[in-house]
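Hi,

Here is the structure I said I would pass on. Have a look at it first, and my notes on what turned up follow underneath.

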Amino acid sequence: MGRHEQREQIFKLLFREAFYPAEEMPRQMRLFLEDNEEISSRQDADAIEARCQAVRERIHEIDRLIEENTVGWDTARMGKVELAVLRLGIYEMRYDEDIPAGVAIDEAVEIAKKYGQDNSGGFVNAILAKIVKLGD
């Protein structure tokens with residue numbers, strides 16, 4: 001499984017966060033990883049779980065960045081797809097030195113286009129582009 005496929009699985013797990021209380025997420029993660037035919041190896045499952053946990057550990061910092069860089073939006077009003085994509089994209093841009101910011105943005109936009117509404121890709125791109133400029 002390549003990084004793009006892993007990234008999509010991480011997005012799907014982060015998306016689940018919107019529907020379950022935090023204390024239910026370890027069980028949800030286990031079920032997702034065990035019942036997912038797209039995840040063919042234990043190594044992939046471990047990598048997906050570790051990345052998802054890393055994002056979840058920084059969720060408050062990430063959400064603060066989102067709210068500081070959007071006008072008229074907060075994370076409670078945002079679409080669940082867009083929020084999950086933004087959380088993953090920001091994590092990759094800010095906390096993963098192995099992923100260039102441009103790659104993180106491109107991947108996030110592609111996932112937003114695939115799973116979100118018509119304007120999701122542009123919305124995600126605009127916010128991530130604004131946040132990446134802060135780091136320059």
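**Helix packing and the pocket**

Helix 1 crosses helix 5 in a right-handed sense. Before you go further, bear in mind that this is a predicted model.

On that first pair: helix 1 (3-16) and helix 5 (80-95) pack with their axes 9 Å apart, at an angle of about 125 degrees. That angle makes helix 1 oblique to helix 5. On the helix 1 side the contact is made by Arg7, Ile10, Phe11, Leu14 and Phe15, and on the helix 5 side by Lys80, Val81, Ala84, Val85, Leu88 and Glu92. Sorted by class, the residues of this contact come out as eight nonpolar and three charged, with no polar ones.

Helix 1 also packs on helix 2, which covers residues 25-34. Here the axes come within 10 Å and cross at roughly 145 degrees, and the crossing is again a right-handed one. From helix 1, Gln9, Lys12, Leu13 and Arg16 take part, and they meet Met25, Gln28, Met29, Phe32 and Leu33 of helix 2. The class split for this contact is five nonpolar, two polar and two charged residues.

Next along is helix 2 with helix 3, the latter being residues 42-57. Their axes come within 11 Å and cross at roughly 155 degrees, so helix 2 counts as roughly antiparallel to helix 3. Helix 2 passes helix 3 in a right-handed crossing too. Met25, Met29 and Leu33 are what helix 2 brings to the contact, while helix 3 brings Ala45, Ile48, Glu49, Cys52, Gln53 and Arg56. By class that gives six nonpolar residues, one polar and two charged. Met25, Met29 and Leu33 of helix 2 are also listed in the contact with helix 1.

Now the part you may want to open in your own tools: what volume does the largest pocket have? It comes to about 160 Å³. Of its 14 lining residues, Glu17, Ala18, Lys80, Leu83 and Arg87 are the closest to the centre. Which helices each supply at least two residues of the lining? Those are helix 1 and helix 5, the oblique pair from above. Helix 5 gives the largest share, four residues. Lys80, one of the residues closest to the pocket centre, is also part of the helix 5 side of the contact with helix 1. As for chemistry, the lining is made up of 10 nonpolar residues, one polar and three charged.

Cheers

How values were computed. Residues numbered from 1 in each chain as written. Predicted model: local features only at pLDDT ≥ 70, side-chain atom pairs only at ≥ 80, totals over all residues. Heavy atoms only, no water. 1 Å grid on protein atoms, 1.4 Å probe; cavity = no way out; pocket = protein on both sides within 12 Å on 5 of 7 lines; lining within 4 Å. Points joined across faces, edges and corners; volume = space filled by probe spheres on them. Nonpolar A, V, L, I, M, F, W, Y, C, P; charged D, E, K, R; others polar. Axes fitted to C-alpha atoms, helices over the stretch in contact; angles between N-to-C directions. Parallel < 35°, antiparallel > 145°, perpendicular 65-115°, else oblique. Left-handed = near helix turned anticlockwise from the far one by under 90°. Contact = heavy atoms within 4.5 Å.
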